[in-house]
There are 2 protein chains.
Amino acid sequence: MSLAHTSTAAQTLSPAPACHASDACVDADPASPAGPPALRGEVTVALDLRHAGRREVTLRYESLGAAGLPTLFVCGGISADRHVSASTRFPASGWWQSQGGQGCALDPARHRIVSFDWLGADGRLDVPLDPADQADAIAALLDVLAVPRLEAFIGCSYGAMVGLQFAALHGDRLARLVAISGFHRAHPYASAWRALQRRAVALGALQCDETHGLGLARQFAILSYRTPDEFDARFEPARVIDGRVRVGAEDYLDHCAARFVGRSSPTAYLRLSESIDLQAVDPRRIHVPVTVVAVEQDRLVPLADAQALVDQLPVAADLRVIDSPYGHDAFLKEVADIAAILGSALSSPVQTDCKETAA
Amino acid sequence: MSLAHTSTAAQTLSPAPACHASDACVDADPASPAGPPALRGEVTVALDLRHAGRREVTLRYESLGAAGLPTLFVCGGISADRHVSASTRFPASGWWQSQGGQGCALDPARHRIVSFDWLGADGRLDVPLDPADQADAIAALLDVLAVPRLEAFIGCSYGAMVGLQFAALHGDRLARLVAISGFHRAHPYASAWRALQRRAVALGALQCDETHGLGLARQFAILSYRTPDEFDARFEPARVIDGRVRVGAEDYLDHCAARFVGRSSPTAYLRLSESIDLQAVDPRRIHVPVTVVAVEQDRLVPLADAQALVDQLPVAADLRVIDSPYGHDAFLKEVADIAAILGSALSSPVQTDCKETAA
């Protein structure tokens with residue numbers, strides 16, 4: 001991997017130039033009357049992709065908290081983005097809003113929190129993307145941001161897979177990894193589930209209606225994220241309506257699909273979904289402390305894989321198991337459990353009820 | 001429900017007229033040199049369907065074993081048919097071949113084994129079909145066959161749901177029910193999974209390629225039938241082939257789809273899939289002894305529902321729990337366990353290794 005600093009990257013490196021002309025440059029307002037400094041930027045680098053050769057790629061990041069603070073790199077699932085939590089500058093809710101804010105696990109008064117949009121998330125890179133490529137992209141981004149070493153990499157789902165890759169490939173830049181609901185391999189059953197989701201997208205594309213197939217894929221994905229116990233508590237039995245059977249969860253699943261297709265590119269979905277299935281890290285290559293978090297009811301990333309990961313790590317590893325009806329989505333829903341684990345991993349006292357206090 | 005004996009039905013009722021002209025009449029050969037008597041027939045009856053009013057429906061059945069023997073009615077999942085196991089007359093393997101044959105649980109020397117093609121299986125009845133309608137159809141068929149009372153109803157998956165309906169609606173015609181991996185309700189999570197499968201069929205139909213959507217639906221169904229442990233043992237990690245990621249299970253899933261679309265009607269699939277979701281039996285209406293068989297790893301029909309069923313039954317119920325990596329498909333794969341349970345329920349000594357000896 002090598003860096004090709006473009007003019008955009010150069011702008012990114014300048015100390016604090018508030019630039020509102022374009023999303024392609026640093027978008028920060030250090031003179032903001034309240035709240036920790038927040039900025040967004042993008043940088044173009046050349047990366048040697050494992051399955052597609054050398055490519056110029058654009059990395060879009062967001063940073064929250066002062067540059068001098070210990071840095072946390074935070075990544076979620078394939079549909080998460082660089083906006084982890086709300087700030088004065090970027091007030092929209094982030095994908096991990098429940099853990100971000102003053103006094104919370106991800107506290108910009110104590111840490112600089114950096115994230116980025118996944119390589120491929122803009123749908124313009126239509127090639128196989130390895131999770132190891134994402135780890136290299138993050139290392140390149142940290143070079144640009146002049147962050148030699150992370151206090152912690154905190155990853156959830158695909159983000160945890162990439163975190164393990166980062167720990168294996170760039171372990172000298174990392175003090176600790178927290179891997180939540182994503183491990184060293186893709187489970188063959190989960191891979192099959194994803195492969196069929198990709199076929200739903202392909203089936204939709206055959207009729208030139210990509211959103212229809214993408215929506216169906218997302219709905220099948222939701223089933224893999226959640227659990228029977230949750231559905232049992234939430235949804236009514238099926239009914240006959242206009243000569244067809246409609247089941248209790250269909251309104252909810254339609255809502256999920258509509259929300260998703262409005263903000264997702266089919267190409268990005270296909271390539272990032274594939275990327276999960278390429279996950280293959282040898283745990284013996286990891287030499288930083290790891291906190292592994294698994295969910296008993298996770299149907300996609302089973303507890304047994306977490307145990308296998310911990311067993312194979314040559315370093316101290318802390319396995320934490322959560323009990324949750326939300327299955328794979330527990331990292332978004334079990335706010336207190338996750339906050340306590342993050343607080344312990346970061347050796348920080350944290351509130352465990354940030355869900356209620358967050359914006 | 002009332003019977004409308006057509007000429008076909010009349011033929012069916014005649015004692016042993018071997019008629020080879022058409023599948024629409026009894027197809028038996030009592031003069032066959034070996035093996036128990038086997039016959040196929042069809043009968044047209046009028047049924048009051050719960051969601052579609054009064055309809056003339058055709059019931060296609062198969063019977064194996066002498067008419068004087070105690071009768072077992074045997075039903076499988078929505079893709080099973082009337083051909084349970086091979087006979088001299090009908091030598092193709094049946095859907096429950098592993099349990100059928102001399103010395104096995106379903107032994108035509110000791111029982112007359114009757115089954116039928118599900119109402120709607122021919123794809124000509126494009127209306128909502130209640131599992132209770134299937135139970136009424138079976139009662140009508142037993143009238144035609146002059147079987148006043150069953151020694152046992154043995155149902156697997158959807159067949160178990162219909163068996164519970166039969167026990168609730170026609171309990172006076174039944175000595176015992178064996179309900180394997182199908183219970184008194186459709187679980188809301190399993191219903192959601194099926195609803196999405198139906199949407200895959202609909203998505204395929206939009207482009208006038210029904211087989212593509214039907215194949216994808218079947219593949220998602222296979223995932224719901226099987227378990228992560230089985231896939232983990234069987235399939236390799238994903239690979240990049242021609243610029244796309246292909247996961248280990250895809251060849252297998254393609255094989256499953258191809259086999260299925262060649263023998264299934266999209267309309268039948270949609271209506272029988274819907275029918276599962278309409279399952280709603282009040283266990284308190286059942287007053288015959290029931291053996292309930294559940295599989296610990298079943299992702300579609302959870303053990304907790306079996307326990308709830310047993311708890312609500314006002315009669316003696318025997319709950320048997322199987323441990324199997326085959327999940328919902330354990331009734332097809334765990335031959336010895338199922339044979340032992342059937343033998344115990346039927347008070348018959350049975351071989352438990354029929355898989356090896358069956359044709």
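Helices, of at least four residues, and strands, of at least two, are DSSP runs numbered from the N terminus. The exercises below concern a predicted model.

**Exercise 1.** Describe the make-up of chain A: how many helices and strands are there, and what share of the residues is buried?

*Solution.* Begin with the secondary structure: chain A holds 12 helices and 10 strands. Next, turn to burial, where a residue counts as buried under 20% relative accessible area. By this cut-off, 60% of the 359 residues of chain A are buried. Finally, consider the contacts in chain A between residues at least 6 apart in sequence: 70% of these join residues at least 24 apart.

**Exercise 2.** Determine how many residues each chain gives to the contact between chain A and chain B, and what area is buried there.

*Solution.* Count the residues on both sides: 50 come from chain A and 50 from chain B. Then take the area: the two chains bury about 4400 Å² between them, with 65% of it on carbon and sulfur atoms.

**Exercise 3.** Identify the charged and polar links across the interface, and state which helix supplies the largest share of the side of chain A that touches chain B.

*Solution.* There are 8 salt bridges between the chains. In a salt bridge with an N to O distance of 3.0 Å, the side chain of Arg199(A) meets that of Glu250(B). Polar contact joins 16 residue pairs across the interface, both residues being at pLDDT 80 or more. Several elements of chain A supply at least two residues each to this side, among them helix 4 (188–206), helix 5 (210–225) and strand 8 (244–246). Helix 4 of chain A gives the largest share, 14 residues. By class, the side of chain A that touches chain B comprises 24 nonpolar, 12 polar and 14 charged residues.

Key:
Residues are numbered from 1 along each chain as its sequence is written. Chains are lettered from A and ligands numbered from 1 in the order in which they are written. Side-chain values use heavy atoms; hydrogens and water are left out. Contact means heavy atoms within 4.5 Å. Buried area is the accessible area (1.4 Å probe) that two parts lose on being put together, summed over both. A salt bridge is a side-chain nitrogen of Lys or Arg within 4 Å of a carboxyl oxygen of Asp or Glu. A polar contact is a pair of N or O atoms within 3.5 Å; within protein, one must be able to donate a hydrogen and the other to accept it, and residues adjacent in sequence count only if both atoms are side-chain atoms. Ala, Val, Leu, Ile, Met, Phe, Trp, Tyr, Cys and Pro count as nonpolar, Asp, Glu, Lys and Arg as charged, and the others, Gly among them, as polar. Buried means under 20% relative accessible area, exposed over 50%, partly exposed in between (1.4 Å probe, protein chains only).
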